[in-house]
Structure formats: structure tokens, C-alpha cells
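Student: Could we go through this model together? I would like to see how each label follows from the numbers.

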Amino acid sequence: MQRLEFIGRFARNRGALIGAVLILVVALMALLAPLFFPVDPLRIVGQPELWPGEDPDFPLGTDSLGRDMLSMIVHGARATLLIGLFASAVATLIGVSVGATAGYFGGWIDEIAMRAAELFQTIPNLIFVLTIVVILGSTLANIVIAIGIVSWTPIARMTRAEFLALRDREFVQACRAMGMGDFRIIAGEILPNALPPVIVLSSLVVAGAILFESAVSFLGLGDPNVASWGRLVGDGRQLIRSSWYICAIPGVAIMITVLCLNLIGDGLNDALNPKLRDR
Amino acid sequence: MAGELASPAAPPRIARGSSRRAAALRLLRRRLIQAVPLMLGVVVINFVLIQLAPGSFLELMTAENQVSDPATIELLRKTYGLDDPVWLQLVKYIWALMQFDFGFSYRQNRPVIDAISDHLPATLLLMISSITLALAVGVSAGVVASVKVRTFWDSLVSVAAMFFFAAPGFWLGIMLIVLFSVKLGWLPVGGMMTIGDRSGAAGGVLDILHHLILPTLALGLFYAAIYTRVMRSSMLEVAQLDFVRTARAKGLSRNQVTISHVLRNALLPVVTILGVQMGTVLAGSVVIESVFSWPGVGSLLFDSVSSRNYPVVLGIMVLGSLVVIAANIAVDLVYMWLDPRIEIR
């Protein structure tokens, strides 16, 4: 019943609903990519630099080497979404652990954790990501970890605030009185109650992570084995005079995905905080 | 300190002015002290990255041109104490950085600090112009949307803000180049000055401004979108507060209230966000600079990254953090000026 109400509140936000539907389409596209386009997207299949609509076989045209743009976009969705999700998972894991520990224990642990958050906010984020990737190597795992490392601070602050508000509530005191250990109280009792606003924030972190990844790939520092959307924009950069659509199309894909994730975040926020809904 | 000097008998206006200056100085001192552990943290992270890197520190510092001169290698070995235990290496590293010794860039054949400080002004120019644009556009669009709330204008502003909030800056930059440089031919494709420009100092400034327009748009519109959203909701929130009703009740017109009462208070969240995002703006300029061949720190970073010139990369990270800390202090002072009630948080 409560869940239905929640979904109802979410769906009342039309933008959020459209965002959710579109993201679902992108996710399905990513999942089913090999079904629609069984051929390796990086294989040359036609004439180079065919404009969208010029050849019905290639609705989005071909790139400078004659590779199918549509196939590359669909396959690129996999890389882009996966990196976004994993990086956000890393950020959430770090952020929730740090924030929960800081908020629950307070005192000097809190002080250290918040100074650390400040530190990671001080280092210019993309420069940090590039430095990590350059020094440790341009692999998918390193990129995901690097983005996670620069994205955890808002989640930690949010988790900490929730824990501060919850840690002295009756049900927690009851657990303490029963002699329950700190870890069990944190993970089993407080965390489930603290999670909803954190989840909202995570959806925004996915959007941010996708933008990070696209910038890294655009600069040519992405994993060379992965054709993400950012890399496609970077590849098309040399041809803006003759065939600017090669840059434009993957950029539109990034923008729509990020836009939808932001809309979903807004919708979740409204649904979780009905008080703020009418703002 | 200066606050204590103001005698109680002094006219209230002067006392207020000098105590505010004293408060600002106190804030400045406190922030500077807080900056020390922060910088230390940045340096330690740097050091950890160096230790994590495959290959030795020596290889990292000389990776560029395969320095094979035994005397140079011996010098580096001595400077950074590579035969010492790790903790002593860290101490020596910190000591070197405190003297602004960021190592030597063999590619440019000059100290890293010189290479970076040559590129810093261009980046600061781009940052300042983008933030100015973002504030001007964001604040005015937010005010328009909030004054005309739930009208066509409000929706238009919201949709535009959503669009620019989701568009990757580098892509927006390329699209701007396609439209304004390639198709229309109005603005230069990239660079900061026209090569061989001989129009004198005034012409030179105009020339730079001409080159500055597109990169500023590409970097600034993202932040303009954020400030628009924040400004709109903040204006709507402040407009409901009691003091606004009081101002209206004492006979001020709606415009007067909006400008002199609501606007000033609604700006506070925008300033807060501006401070938090200083590092992001600097980082964002890295990508934008590479799109527009803007000769700033971003271009240097990109070159250094491609050629694995680690000392420069690490130096940019440290100096970038320093710029962020300085900018944050400046933002705090602005905040205090806008809202005298808040002294030090």
C-alpha cells in the first residue's frame, strides 16, 4: 500500500515519469545490443561519412571509417551506463561507510571524516580523476574507482546527517539496551531508515559519473577497448568541418541519459519528501 | 583585535565598520590556519599516488626523456632521498613542495612551477569570466522565473536550465564551434589570440575577449543552469518569509521588495554553492581548454598527461587545490559581506 502511494507520487511528476521510461529504453537498448546489432560495432560496414538519412541501412549515418553510428551508439550505451552505475556504486559504498561511521560515533572520528570529505572536495575533481587514471593506467576498473573516489563526499555528508538524526532515537536506544553491537545497529537498524535520501543522491551521482566518464574518454584517456559515447565525440572531433553529426549524435545520447537521470532524481526527491512537493 | 580597539564611545557607524573588518580578519586568519592541514592532505594523497604508480619514483620523475645522465639521476636521488625509508621520503617531499619545488620538467627543460605559473593566468581568466557569466545569467534567469512563477517564462527558464545542466561541456563547446565558427564564421575556432595580431594593446584585449566568448559559454552555461535552479527556489522561499510581508506592508512596491529585500537574501545559497564548486569549475576548464586550444593549465595538463609527464601532472593537482582553497576563502568573505549576521561557521 505504502509502496503504491510512493509510486503514485513519483508518477505524478510528469518529467520524472518520462525520464524513467526513457532510461528504461536506454537500458533495454544496452542489454539487447548484441541482439539488434550482432556485428562488432567497430567493424567497417559501409562508405565513410554518410550523413544520417543518406542511406536507409544506416539511419544515423557512418563515421569517418565507415562504421555504423547507430550500432556504435547502441553498444556504447552498455559501456556508458555500466561505468556510470559501477562508479556510483563505488561512491555510495565509500560515502555510506564514511558517513555512517562519522554520524554514529561522532567525536574525533566525525571530525576526521568530515576533514577528509573537505579534502576530497578541494582537489579539483576531474584533475584528480585524470591523475589517477594516468598514473594507474587507463583500464575500466581504474576509471570506475577514480570516479568513485571523487564522487563520494555528498553521499557521506547526507548519510552522516541522517545518522545524526537517527542515532539517539528510541528504537536505537532499545537495541543498545539489548546489548546489540555497534556494527549490527549501524547496518541493520539505522541504515535501512537512512537510505531513502541517499538513494536519491546516488541517482544523481550516476548522472555525474556518466559526465565524468565521457570527459575522460573524450580526452582520449578512456579504456582503449571500450567505445563509450564520450570517446565517439572525441573521435569525431577532427571532422567538425565536414561531418559534425559524428560529434553531435553521441553527445545528444549523453545529454538525454543525464537529463533523464536528473529528472528521476527530482521525482524521487518529490516522492520521498511530500512536504517539498509544491515548491 | 581591531574590534577591541574601537572604543565604546565611538559613533556606532564607525564601530560597526571596524568590527566588521575585524571579523573579516578573524575569518581570514581562521581559514588560513584551516588550509594548512588541507594542503598537507593534498600533498599526502599526491605522495600516495606516486608510491602506487608502477615503476620507481625516479622513473616517474624522469619518465619523459629517459634521462640517462648519471649526474642528474644522482641529484634526483639525493633531492628526494630515494634510499631513505618511506616516511622520510614523505617529509622530504613535503619540504620540497613547501619551497615551491615541484620538480623539473625535462620536456620543457624548466622547473615545473615555472611551466604551471605561465599557464595559470589564462585559466584564471577563463574561470573568472565563466563564473561571472554563470552568476549573471543564473541570477537573472532565476529571478525572472520566480517573479513569473508558473507562467510560460518560468517553464522556458526551467527547460533551458535542465538542458544545460545535462549537456557535457566539451560537447556543447564543439557544437558552439560548429555553429558560430564553422557555419557562421563569427568567432574564432580556438586559441587565445590571433597569431601575428598587430593592433596594439587595446586591440589585443579585444582580440582576447573575442576568443574568450565561446569557451566562456561552454564552461559557464552549466553553472548558469545550476544557479538558475537554486536562485529560483531560493527566491520563492525567501518571498514567503515574514520580513518580506513587513516590507510590503510598510508600503514598498513589489519591485522594490524583490530587489532590495528578497534578492539579497536569496543570493546566499548561490554563494554557498559557488564556493563548493570552485574545484569543479577549475577541473571543467581543463576539458574546455582542450576543446578550444586555450593556452591554460588544462592544455598543459593534457599535454603532460599524454606524454606521462608526472611531475607536471602532480604539480597541477597541488596548485589547483591551492587555487580552490584561496577561492573558497574569497567566497567566505563575500558571504560575510552579504549576510553580516553570520560571522564564522
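Student: Which residues touch the most other members of the largest nonpolar core?

Tutor: Happy to start there, keeping in mind that this is a predicted model. A:Val129, A:Leu130 and B:Ile316 touch the most other members, in a core of 165 residues. For A:Leu130, leaving out residues up to four places away in sequence, the partners are A:Val216, A:Leu221, B:Leu301 and B:Val305.

Student: What makes A:Leu130 and B:Leu301 count as touching?

Tutor: The test is whether their C-beta atoms, placed from the backbone, lie within 7 Å. B:Leu301 is listed among the residues that A:Leu130 touches, so the pair meets that cut-off.

Student: Why are H6(B) and H13(B) called oblique to each other?

Tutor: Helix H6 (residues 112-147) and helix H13 (residues 297-306), both of chain B, pack at about 135°, with their axes 7 Å apart. Angles over 145 degrees count as roughly antiparallel and 65 to 115 as roughly perpendicular. An angle of about 135° falls in neither range, and the two helices are therefore oblique. On the H6(B) side the contact is made by B:Ala115, B:Ile116, B:His119, B:Leu120 and B:Thr123, and on the H13(B) side by B:Val297, B:Gly298, B:Ser299 and B:Leu300.

Student: How many residues of that contact are nonpolar, polar and charged?

Tutor: The contact of H6(B) with H13(B) has five nonpolar, four polar and no charged residues. B:Gly298 is part of this contact, and Gly counts as polar under the scheme used.

Student: How do you know that H13(B) is largely enclosed by the rest of the structure?

Tutor: Seven of its ten residues are buried, so that description follows. The buried ones are B:Val297, B:Gly298, B:Ser299, B:Leu300, B:Leu301, B:Ser304 and B:Val305. To be called buried, a residue needs 20 or more other C-beta atoms within 10 Å of its own. These buried residues pack against H6, helix H12 (278-292) and helix H14 (310-338) of chain B, together with helix H5 (125-136) of chain A.

Student: What does H5(A) supply to the side of chain A that touches chain B?

Tutor: H5(A) gives ten residues, the largest share of that side. In total, 37 residues of chain A are in contact with 43 residues of chain B. The chain A side divides into 25 nonpolar, seven polar and five charged residues.

Student: What makes up the secondary structure of chain A?

Tutor: Chain A has eleven helices and zero strands. Of its 279 residues, 51% count as buried.

Technical notes:
Residues are numbered from 1 along each chain as its sequence is written. Chains are lettered from A and ligands numbered from 1 in the order in which they are written. This is a predicted model: local features need pLDDT of at least 70, side-chain atom pairs count only at pLDDT 80 or more; totals for chains, interfaces and linings use all residues. A nonpolar core is a set of buried Ala, Val, Leu, Ile, Met, Phe, Trp, Tyr and Cys residues joined through C-beta atoms within 7 Å. A residue is buried if 20 or more other C-beta atoms lie within 10 Å of its own, exposed if 12 or fewer, and partly exposed in between; C-beta atoms are placed from the backbone. Two residues are in contact if their C-beta atoms, placed from the backbone, lie within 7 Å. Axes are lines fitted to C-alpha atoms, for helices over the stretch in contact, and angles run from 0 to 180 degrees between N-to-C directions. Helices (H or I, at least four residues) and strands (E, at least two) are DSSP runs, numbered from the N terminus. Angles under 35 degrees count as roughly parallel, over 145 as roughly antiparallel, 65 to 115 as roughly perpendicular and the rest as oblique.
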